Amino acid sequence: MSKKRTGVFVCHCGNNIAATVDVARVAQEMAGEESVVCAKDYVYMCSDPGQNAVIQAIKDNQLDSVVVSCCSPTLHEKTFRDNARAAGLNEFTCEIANIREQCAWVHKDRAKATEKAIKISRSAVRRVSGAKSLEPIGIGVTRRVLVIGGGIAGIQASLDLANAGLEVVLVEKQATLGGHMIQLSETFPTLDCSQCILSPKMVEVSRHPKIKLMTYSELQEVSGYVGNFKAKILKKPTYVDPEKCKICDDCSQVCPVVVPNQYDLNLTARRAIHIPYAQAIPASYTLDIKACLGLNPVVCGKCKDACEAQAINYDMQPETVVEDVGAIIVATGFDLYGQEKLGEFGQGKIEDVLDGLQFERLCSASGPTKGRILRPSDHTEPKDVVFIQCVGSRDPARHCAYCSKICCMYTAKHASLYKHHVPDGRAWVFYIDIRSGGKGYEEFVQRTMEEDEAIYLRGRVSTLYQQNGKIRVMGTDTLSGENVEIDADMVVLALAMQPSAGTAEAAKVLKIGRDKDGFLAEAHPKLKPVESVTVGVYLAGTAQGPKDIPETVSQASAAAAKAIILLSQDRLTHAPTVAQVRKSHCTGCEMCVDACPYEAIHLENGKAVVNDVLCEGCGTCSATCVRAAIEVKNATPMQMNQMIEAVLGF
Amino acid sequence: MSRQGDWNLNPMSETYEPKIVAFLCKWCSSAGSDLAGVSRIQYPANATPITVACSGSVSPQYVLSAFKKGADGVLVSGCHIGDCHYMEGNYHARRKLYLVKELLEFTGVEPERFRMSWVSAAEGAKFAQVVRDFVDDLRPLGSQDKMRNEPT
């Protein structure tokens with residue numbers, strides 16, 4: 001290796017470094033290094049004159065490498081590497097020696113701090129003396145996006161992406177788009193009908209030429225990397241050809257199997273062959289194979305006989321599709337906390353104790369009662385309805401520690417809707433406190449209390465039980481300090497939101513993190529709220545945390561925008577500090593292959609080969625290799641040893 | 001194994017300062033030490049940092065090389081187990097470097113001279129404490145001569 005011509009630039013950082021470190025001495029010591037041809041100190045290296053001085057020195061001294069002794073590389077590594085490039089150097093021959101955060105700011109003894117700053121700077125000098133010029137690795141981009149989840153978040157993200165000209169593959173587990181939002185009756189605080197605002201968007205998705213809609217499908221595997229993912233998707237058979245299906249309902253009329261209807265939260269029943277609801281997208285029936293007597297014309301076959309359009313095909317097979325995409329948006333949504341975990345509230349076994357979504361179905365004009373609020377047990381109109389907030393939420397001892405955020409608002413909406421349906425009934429609401437931050441939210445809650453005369457009781461419910469056809473609710477009102485017992489006709493629990501069952505699977509398949517509560521983890525809680533830790537995978541909606549519809553829509557649009565920014569680049573770049581193999585030393589033992597977390601190494605003709613694009617440069621392979629046959633570029637064992645020597649005063 | 005004897009061989013002097021090489025992973029521990037700086041948390045200047053991509057990239061050879069070149073202590077600090085930026089690098093580090101401790105003991109070097117810690121980017125105070133504790137624990141051991149190439 002020919003000797004390097006290195007320049008060292010020591011920054012005073014005003015007094016931040018210079019007060020504790022003798023910067024002139026650091027520069028002087030560095031000048032004594034064999035490879036150093038110029039060493040300077042300056043009051044603010046990152047200022048315009050400071051940067052110009054670096055560029056000028058590179059040109060004047062024909063430098064081929066640079067060390068800047070200054071603050072943490074997280075702050076100005078990019079600044080000085082850009083400078084190096086501007087002066088005609090390769091930016092990977094520029095290194096930062098952190099003598100501020102890791103030295104000047106944490107020590108008071110000037111002599112000791114100066115000694116340490118010299119060691120840090122010298123180790124950087126030794127490192128660049130072994131540094132090679134590297135060029136960023138360019139990778140192509142597939143301008144398509146995979147959206148996982150067909151609720152409002154997935155729908156919004158897909159439409160934004162498609163309208164920006166990108167192709168979208170939208171994968172939904174259920175037989176129809178719509179998610180939980182389509183189950184809602186009205187939405188707070190304006191009380192628009194949920195179907196009326198969501199259905200047009202669903203239709204738009206189904207008709208959009210840029211969107212490939214895959215319902216009744218599940219993501220199985222994802223490989224690849226940002227810009228070039230490969231997603232393996234399982235398309236489950238519906239046994240009905242959506243092109244031929246006329247949604248005439250002849251098939252379900254003759255189907256002999258009756259099972260609970262999940263779309264109505266089991267408040268109604270459906271047949272094995274069914275359509276979740278009349279406006280479902282795609283507009284086609286689905287044969288639920290788990291409920292069906294067995295796809296065998298000898299056993300049943302009634303639906304097939306009844307279908308004049310000949311849309312039913314018992315021979316339909318599961319299909320695996322591989323889609324190439326450049327970015328992925330995860331919008332897998334929420335599930336409600338399980339009632340079975342709530343012993344004090346009947347464990348889900350009391351018929352007239354409902355969860356919030358079931359109550360939505362009762363209020364909905366397309367619901368089981370055609371919009372009349374009736375008790376599921378005897379179909380009478382309930383006159384006393386108790387709404388309980390924070391069920392499962394804000395209870396770190398037994399349930400979820402977090403606040404589910406939307407329950408205060410939807411309980412107010414439920415109480416209000418109930419009073420509109422049953423003006424002579426009484427709505428009781430037990431709450432801990434009311435969290436109504438949002439445009440028009442507080443006013444809505446006040447209206448519910450004042451105009452709709454819902455009775456708000458500040459306190460929790462200890463238990464409830466059935467008695468004489470009623471539900472006795474044992475609560476407390478902490479404002480009056482009295483216990484409250486209500487003989488309710490119906491109880492509605494505002495259950496905690498939790499990440500949907502599919503969220504955990506998606507996180508595993510995509511190798512993205514989840515937080516302590518199981519929601520998808522964002523890359524930074526404030527500055528990267530829609531990015532996951534995996535570059536190219538974005539988050540939207542309630543899979544990331546409890547949120548209401550406006551927030552979900554905003555986050556979905558933000559995630560779409562991030563994907564658009566990513567895919568608007570012709571080529572993406574990947575850091576070139578990747579592993580390289582010294583073929584002469586490699587014996588093909590495969591230890592590096594096993595150690596690599598990215599499956600970036602494989603054997604070819606008995607020697608390890610690194611896929612530059614998959615390699616992240618972590619160096620675990622090089623620390624594993626017993627023959628020093630694999631090393632990360634610009635962080636080689638040779639360089640490391642020289643840095644160790646420098647640190648120990650050699 | 002007469003560690004007691006080593007102590008006697010190294011009469012504690014007021015001026016003895018253990019030399020520590022600290023391998024810090026870029027994503028957590030180096031960021032944590034930056035936070036200690038930003039928070040102006042003071043700690044002894046004995047540990048000189050070498051920032052690496054991942055604790056998993058610290059080869060046992062680096063540790064031995066540091067001792068051969070006269071380090072009195074070697075610290076390897078990475079992300080908390082389960083939080084590795086490269087998913088599993090710190091598991092590799094933990095498994096591999098545990099053996100270094102055993103090797104040191106075998107060669108007669110006090111295994112306490114080698115330490116691993118898990119310091120996140122949010123743990124500036126913890127980083128400072130790790131260095132303080134290590135320096136305090138190294139002082140009674142005196143300088144490390146067993147593995148050093150030539151006595152200085």
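This report describes selected features of a predicted model with chains A and B.

## Domains of chain A

The domain assignment divides chain A into five parts: domain 1 (6-136), domain 2 (144-236 + 319-333 + 500-567), domain 3 (250-306), domain 4 (337-496) and domain 5 (578-632). Domain 2 is thus assigned in three segments of the sequence, 144-236, 319-333 and 500-567.

Domain 3 of chain A and domain 4 of chain A have C-alpha centres that lie 33 Å apart. Their contact takes 5 residues from domain 3 of chain A and 7 residues from domain 4 of chain A. On the side of domain 3 of chain A that touches domain 4 of chain A, 3 residues are nonpolar, 1 is polar and 1 is charged.

## The interface between the chains

Between the two chains, 37 residues of chain A are in contact with 35 residues of chain B. On the chain A side, at least two residues each come from helix H4 (100-104), helix H5 (110-129), helix H16 (620-624) and H17. H17(A) gives the most, with 7 residues. By class, the side of chain A that touches chain B has 17 nonpolar, 11 polar and 9 charged residues.

Helix H17 (637-647) of chain A also appears in the surroundings of helix H3 of chain B, as the buried residues of H3(B) pack against it. Within H3(B), which spans residues 60-68, the buried residues are B:Tyr62, B:Val63, B:Ser65, B:Ala66 and B:Phe67. From chain B itself, these buried residues pack against strand E1 (20-25), strand E3 (73-78), helix H4 (89-107) and strand E4 (114-118). Just after H3(B), B:Gly70 takes a positive phi of about 100 degrees.

## A helix pair in chain B

Helix H2 (residues 29-38) of chain B packs with helix H5 (residues 124-138) of chain B at an angle of about 95 degrees, and the two axes are 7 Å apart. At that angle, H2(B) is roughly perpendicular to H5(B).

H2(B) contributes B:Ser29, B:Gly32, B:Ser33, B:Leu35 and B:Ala36 to the contact, while H5(B) contributes B:Gly124, B:Ala125, B:Lys126, B:Phe127 and B:Ala128. The classes represented in this contact are 5 nonpolar, 4 polar and 1 charged residues.

## A three-stranded sheet in chain A

Chain A contains an open sheet of 3 strands, in the order E24-E25-E26, with antiparallel pairing. Strand E24 (461-467) and strand E26 (482-488) of chain A are the edge strands, each pairing on one side only. From one strand to the next, the twist averages 20 degrees.

Strand E25 (residues 470-477) of chain A is joined to E26(A) by 7 bridges, and the two run antiparallel. One residue pair illustrates the register: A:Thr476 has A:Asn483, in E26(A), as its bridge partner. In general, the strands of a sheet pair through backbone hydrogen bonds, either parallel or antiparallel.

## Backbone features in loops of chain A

Two cis peptide bonds may be noted. The bond from A:Phe188 to A:Pro189 is cis, with omega near -5 degrees, and A:Pro189 is found in the loop between strand E8 (186-187) and strand E9 (192-193) of chain A. A further cis peptide bond joins A:Ile281 and A:Pro282, with omega of about 0 degrees. A:Pro282 lies in the loop between strand E15 (273-274) and strand E16 (286-287) of chain A.

Positive phi values also occur at residues other than glycine. A:Gln62 has a positive phi of about 45 degrees and lies in the loop between helix H2 (48-60) and strand E3 (65-70) of chain A. A:Gln62 is exposed, because 10 other C-beta atoms lie within 10 Å. For A:Glu590, phi is near 75 degrees; this residue is placed in the loop between strand E31 (579-581) and helix H15 (591-595) of chain A. A:Glu590 has 13 C-beta neighbours inside 10 Å and therefore counts as partly exposed.

## The surroundings of A:Gln339

A:Gln339 is located in the loop between strand E19 (334-336) and strand E20 (353-355) of chain A. This residue is buried, since 20 other C-beta atoms lie within 10 Å, and a residue counts as buried at 20 or more.

Leaving aside residues up to four places away in sequence, A:Gln339 touches A:Phe345, A:Gln347, A:Gly348, A:Asp355, A:Leu493 and A:Leu495. A:Gln339 and A:Gln317 are 22 residues apart in sequence, and their C-alpha atoms are 36 Å apart in space.

Notes: Residues numbered from 1 in each chain as written. Chains lettered and ligands numbered in written order. Predicted model: local features only at pLDDT ≥ 70, side-chain atom pairs only at ≥ 80, totals over all residues. Domains from an automatic or database assignment. Nonpolar A, V, L, I, M, F, W, Y, C, P; charged D, E, K, R; others polar. Buried ≥ 20, exposed ≤ 12 C-beta atoms within 10 Å, placed from the backbone. Helix = DSSP H or I, 4+ residues; strand = E, 2+ residues; numbered from the N terminus. Axes fitted to C-alpha atoms, helices over the stretch in contact; angles between N-to-C directions. Parallel < 35°, antiparallel > 145°, perpendicular 65-115°, else oblique. Pairing = 2+ DSSP bridges.
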